[in-house]
Number of protein chains: 4
Amino acid sequence: MNNDGNASTPHIGGPTARTGVWFVGARGSVATTAVAGCAAVTAGLHPPTGMVTETPPFDGTGLPPLSSLVFGGHDTAHCPLPKRAEHLTDAGVLPHGLASAVHAELQAADQEIRTGGPLPGDTRGDEELITDFAADLVSFRRRNALARVVVVNVSSTEPLPAPDAVRLPPSSLYAAAALRAGCPYVNFTPSTGLRTPALTQAAAAGGLPHAGRDGKTGQTLLRAVLAPMFVQRALEVRAWSGTNLLGGGDGAALADPGAAAAKNAGKERVLADTLGHTPEGEVHIDDVPALGDWKTAWDHIAFEGFLGSRMILQTIWQGCDSALAAPLVLDLARLVARAHEAGLAGPLPELGFYFKDPDAGPSGLSEQFTALLAFADRLREAK
Amino acid sequence: MNNDGNASTPHIGGPTARTGVWFVGARGSVATTAVAGCAAVTAGLHPPTGMVTETPPFDGTGLPPLSSLVFGGHDTAHCPLPKRAEHLTDAGVLPHGLASAVHAELQAADQEIRTGGPLPGDTRGDEELITDFAADLVSFRRRNALARVVVVNVSSTEPLPAPDAVRLPPSSLYAAAALRAGCPYVNFTPSTGLRTPALTQAAAAGGLPHAGRDGKTGQTLLRAVLAPMFVQRALEVRAWSGTNLLGGGDGAALADPGAAAAKNAGKERVLADTLGHTPEGEVHIDDVPALGDWKTAWDHIAFEGFLGSRMILQTIWQGCDSALAAPLVLDLARLVARAHEAGLAGPLPELGFYFKDPDAGPSGLSEQFTALLAFADRLREAK
Amino acid sequence: MNNDGNASTPHIGGPTARTGVWFVGARGSVATTAVAGCAAVTAGLHPPTGMVTETPPFDGTGLPPLSSLVFGGHDTAHCPLPKRAEHLTDAGVLPHGLASAVHAELQAADQEIRTGGPLPGDTRGDEELITDFAADLVSFRRRNALARVVVVNVSSTEPLPAPDAVRLPPSSLYAAAALRAGCPYVNFTPSTGLRTPALTQAAAAGGLPHAGRDGKTGQTLLRAVLAPMFVQRALEVRAWSGTNLLGGGDGAALADPGAAAAKNAGKERVLADTLGHTPEGEVHIDDVPALGDWKTAWDHIAFEGFLGSRMILQTIWQGCDSALAAPLVLDLARLVARAHEAGLAGPLPELGFYFKDPDAGPSGLSEQFTALLAFADRLREAK
Amino acid sequence: MNNDGNASTPHIGGPTARTGVWFVGARGSVATTAVAGCAAVTAGLHPPTGMVTETPPFDGTGLPPLSSLVFGGHDTAHCPLPKRAEHLTDAGVLPHGLASAVHAELQAADQEIRTGGPLPGDTRGDEELITDFAADLVSFRRRNALARVVVVNVSSTEPLPAPDAVRLPPSSLYAAAALRAGCPYVNFTPSTGLRTPALTQAAAAGGLPHAGRDGKTGQTLLRAVLAPMFVQRALEVRAWSGTNLLGGGDGAALADPGAAAAKNAGKERVLADTLGHTPEGEVHIDDVPALGDWKTAWDHIAFEGFLGSRMILQTIWQGCDSALAAPLVLDLARLVARAHEAGLAGPLPELGFYFKDPDAGPSGLSEQFTALLAFADRLREAK
């Protein structure tokens, strides 16, 4: 348990305790949508569509209420959150009128955003950056009298680190800072985060719950329900090909072949784990700025049935990635916060439902959902 | 247990026992594909792709081997099975060369096909037809010294019976004959079969296992995996629309609005059961003879995510219905035969995995698969 | 030429002459979008995307400038145009901010909308209704000192009239009123309009240009370019199936089987005219309110190539019907107004580019475009 | 005119004259399908579906009859044509029974196939290879007493040649040989062929007709009809993305990034030429062996309409490339042979209808078809 509270701060951990959510990438589309959406749902402006933790199976599990969440984060960009929310409104991600309705909450979160790093020309070494980031976390927790702070990485996908890299990738610096500050950690991106030998020992010793990697929001979500169908029906998948078109920041980031490779590794893992082999076919991620924050994913699955008959399934998914990710990010922050409160530590494979590349556990969505419900029961029974 | 064996027939029920599979609609595409395919897999010409009962979870469950199945059936058509198999080869359903490779088995099954009914101008009443059909079943069992005969309805979809109909629909006449002859029964079509008050008592008293209704081969199979995904992710399905294009006999039969209504009831049940409400949208079934036995199903799902964002999933399924249905029909015949041997009676909701409109049980495919695996365990433990 | 001007009105027909556009269905989505869009383009708020008459081939053809158009119309609904524009903004048809930016123009058009008919319980006969409607047209022209008024039907699709109907369908009453008032007429809907024997003689005698029928905005537009491709490449179209999903007023209107039949007749004409035969396949129009004013059209084309090879083309069109129709409606009003000024009379088959069911001329879009360009040349040369 | 005939050969150029078609890539799928298909159509086994030159507009144009065509060619592979035809039958490209029905014609063509080059380890220089290839052409013409021989490149796509390459690419060696032997030339592939400065002068001096480049069979065919639609309707194409999945030899060849680059250049040219700008979006070509000779092409077009409304068109093309290409190749051989007979020389831009990257002329399919029909008229009037 954290112990940085003191007599001058409000009571921490009691029924009025508040929980911090610290976004790495706090000025990005996902974080902005999460902050605005949390405020909108709390205010009753919108139903909590897309938030699994607001469905009946999670009643009585002791999750921190949405109204108790306090937002902050790191980012290297400078656009204020209220302005970002306006941009997202123009892009059709946020409904008209929402940005002004929750302006105060966006403003409050904006005040809690600190400059991340390393910045271009930054002379700080890894250790110094970790120390600085951890200090930001501790300060946020103390100033806001928070019971705990969950760090959630929602920044742009990093390129795969070179095998001989001397420095830690930024996502790992932030993850290390979370460990040092005693914060549970969630990696919603395909970036490295805690998945580096350099952090294995610290993660094990930290006694903190953590979850990852790479949120499952669109094409891979579909793959996680369709691949088991073929297996269960004893149909032979010959080839599974996919193309993703997306604009927005993610499209540009993933136009980098290194970042795309990181992203695709997760996508392919679902198929390999479920089918027991890697079928033919490639996955493309194209940057199409004209699509803005909306993503189109086309999948083409060639499979073989009885007596060698050749059949085809195609799927076309048109979704808004930020709107898909934001409620899941809120879910994860709440679940991991509650896990921390309940004294759980280490990876949480029960949260595989949310990830393309989970720490462990089944690969089919349905089994993952069953595991998540069991986790809810476990939380309900925890003190 | 049946007791029509006698000293002059081979030992029944022992390790060399043979099992009868009696198709209502024995000259149709599904039955022909099942007979030809069973022979082909038995002969090692093809792997058992699409047969769930040939996967590892069914090892040791005591299912009758494919080589022990003996085929017969009713039909009102007259085209010999070897010729039907040639037609199916030209239509791309059966691979070239198969019809001649399994000619003997097709010929043998053809010898066991009896004329069904009622034929146009038939003066027999319901009772007389049931008696005649049951006699065909008993004769088939006795002549072939079969341990048991499973009756499987794979005939064309009937129109929904009028509420004030005086006669039973044909599918119910065959189902009644199965009960009378002591045969387990499977209804792979949306037709009435046992689902009529007139047969409720007889079904309950018969002590026979039965399963239905309406095989889940394409669009509804997909719906049974996709609908749970939306529920699990707390996404709100607004509209689910579908169009099916198919030629072949099924296309023509379903061009009849009554038959289409029967078919669509099953399709819609999956959504209503899973989503908890019936979304907007219609289902069309078009007869497109140019497509032959190949079916194309387009689904368009409009759903709502976080903060009211509007998203779309579309699926296009291009499959061969006969090739999808035949291995499931073989699965069902074996499972229900084994259930009969194990002394099970009444509806088998554990087989909901196979049906659009099952007797009971969960509506999501994954839960249905779990139930099927549990059923396999139960069979394994039965004597 | 009209001659209802008088000394007290401004000079008519000169360089400052204004042209009236009278919408039947003036409070509908298409009319509202046209009025708002004309104002927005005139004000430089948006480029004239989708308006063919604003492209270089139409330079110097003497079309009335957008700024010279004056809008009015008939409707039986009462929702004020500014309010309708807000609804269309919420529905994503109009961009945010536009309704308020062009509020004055919407208000002005709203003032010129008169109650149409026949209303429920209306005791007026056909002749009386025609007289009343014509009086509205003449009054609009005189009060606004308009050089001419083009009547454009953009109201909801009527059911096909019964063969023994005693009364004229409403669309024909409005068309007759246009003739009587000396107004050129455009029928952008599949409704009857001038296409009834009852109006043939009056249309011929009126000396007025007219054009129709049924604007080609989505699925049929595609068909008009794809069908010629198959013909030109000597590929054999076996089946052409289509499903349209749409909400909004049009979806509800077309859920009426009679209205759908009227609509589909036009769609099928394109294929029959181009292919020389009617392929297999049906067209469905489903009302899906969740889609609002956005339409999705799926087409599935089964065709045969060399040596009987079977191939498939599928298209999915996701468009906003009002946004597609409105610029075409403005095009047509301008072109027909200019034709009137140039003294042209009778049907204008050169405008087949715009219609599913044109008066005459080629059925392929490219040939229709060539004819339209020739028409532009003709207008350029006219006085 | 060629003048290598002599008194001992049959009369050349008269009504019984025969025309040679020499395939570069004579053992490939396209050439095999063309040879088998020409024989099948000649024998009345199949209608000439897909052959534009067999439609009424080409009556009386003096094209060499299909029955007069004599096939030969170069290839570096060794599989005999009758065996290749069997493979194509198994792959579903040729109908069952055809290969045996036209065995004699396949055998005859096989006898006229000569080894191409350069082979691995080949020590011949460019000049020697050209000389050898030309000798093969002259020998073929003389031995078969052919009026003329059209050389048609249907071999696998070459990688784009390096800018500093010392040798000519193979496609250019064959093209040079055609010039030297006095043979008209068609390049149905994206390879260099005559499009190299090294051959410009020879091509101009040769007095031979030639046509190219890169046959337009699927995705680009569609683009050539869809892109003009957007232009004609003044709709703004923002992004045009495409993915092609194909197995067979072409899939493997195009998995080479250099070859794919060559292929994509043609695809993009259609859009740039028609739209007047290059929209956002990429084109992918994936090798998916499970699809065999069947190709699936998905296109996603994001376009903007009136008042900035965002709309989407998607197309899915599932075709058999060999079956699409073969009739066009026969068309081209006949048209270019007739052009040669009529004394035409140089590039034939009127054949742009057939090519992705034509020598000149319009880029829309409809205008190209009009040009082709005018060319037919010209041939009809030629002696």
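The following paragraphs describe how chain B meets chains A and D in this predicted model, and then turn to one helix of chain C.

The contact between chain B and chain A involves 57 residues of chain B and 57 residues of chain A. Together the two chains bury about 4500 Å², and 68% of this area lies on carbon and sulfur atoms. On the side of chain B, the residues that lose the most area to chain A are B:Arg233, B:Phe306 and B:Leu307, which together account for 22% of what that side buries. No salt bridge is counted between chain B and chain A, although 11 residue pairs, both members at pLDDT 80 or more, are found in polar contact across this interface. The elements of chain B that give two or more residues to the side touching chain A comprise the helices α1 (29–42), α8 (219–232), α11 (321–341) and α12 (365–381), together with the strands β9 (294–304) and β10 (310–320). Of these, β10(B) supplies the largest share of that side, with 11 residues.

The contact between chain B and chain D consists of four residues from chain B and four residues from chain D. The area buried between these two chains is about 290 Å², of which 51% comes from carbon and sulfur atoms. B:His96, B:Ile316 and B:Gln318 lose the most area to chain D, and together they make up 90% of what the side of chain B buries. Zero salt bridges are found across the interface of chain B and chain D, while two residue pairs, with both residues at pLDDT 80 or more, are in polar contact between them.

The arrangement of these two copies was examined by superposition. Chain B is superposed on chain D by a rotation of 180 degrees with a shift of 0.1 Å along the axis, at an RMSD of 0.1 Å; the two copies are thus related as by a two-fold rotation axis. Within chain B, the C-alpha nearest this axis belongs to B:His96, at 4.1 Å from it. Because 100% of the interface residues of chain B are also interface residues in chain D, the copies meet through the same surface.

In chain C, helix α1 (residues 29–42) contains 14 residues and reaches 20 Å from its first C-alpha to its last, which is close to the 20 Å expected at 1.5 Å a residue. This helix, α1(C), is mostly covered, with 13 of its 14 residues buried. It is followed by C:Gly44, whose phi is positive, near 80 degrees.

Methods. Residues are numbered from 1 along each chain as its sequence is written. Chains are lettered from A and ligands numbered from 1 in the order in which they are written. This is a predicted model: local features need pLDDT of at least 70, side-chain atom pairs count only at pLDDT 80 or more; totals for chains, interfaces and linings use all residues. Side-chain values use heavy atoms; hydrogens and water are left out. Copies are superposed by least squares on the C-alpha atoms of residues with pLDDT of at least 70 in both. Contact means heavy atoms within 4.5 Å. Helices (H or I, at least four residues) and strands (E, at least two) are DSSP runs, numbered from the N terminus. The expected span of a helix is 1.5 Å times one less than its number of residues. Buried means under 20% relative accessible area, exposed over 50%, partly exposed in between (1.4 Å probe, protein chains only). Buried area is the accessible area (1.4 Å probe) that two parts lose on being put together, summed over both. A salt bridge is a side-chain nitrogen of Lys or Arg within 4 Å of a carboxyl oxygen of Asp or Glu. A polar contact is a pair of N or O atoms within 3.5 Å; within protein, one must be able to donate a hydrogen and the other to accept it, and residues adjacent in sequence count only if both atoms are side-chain atoms.
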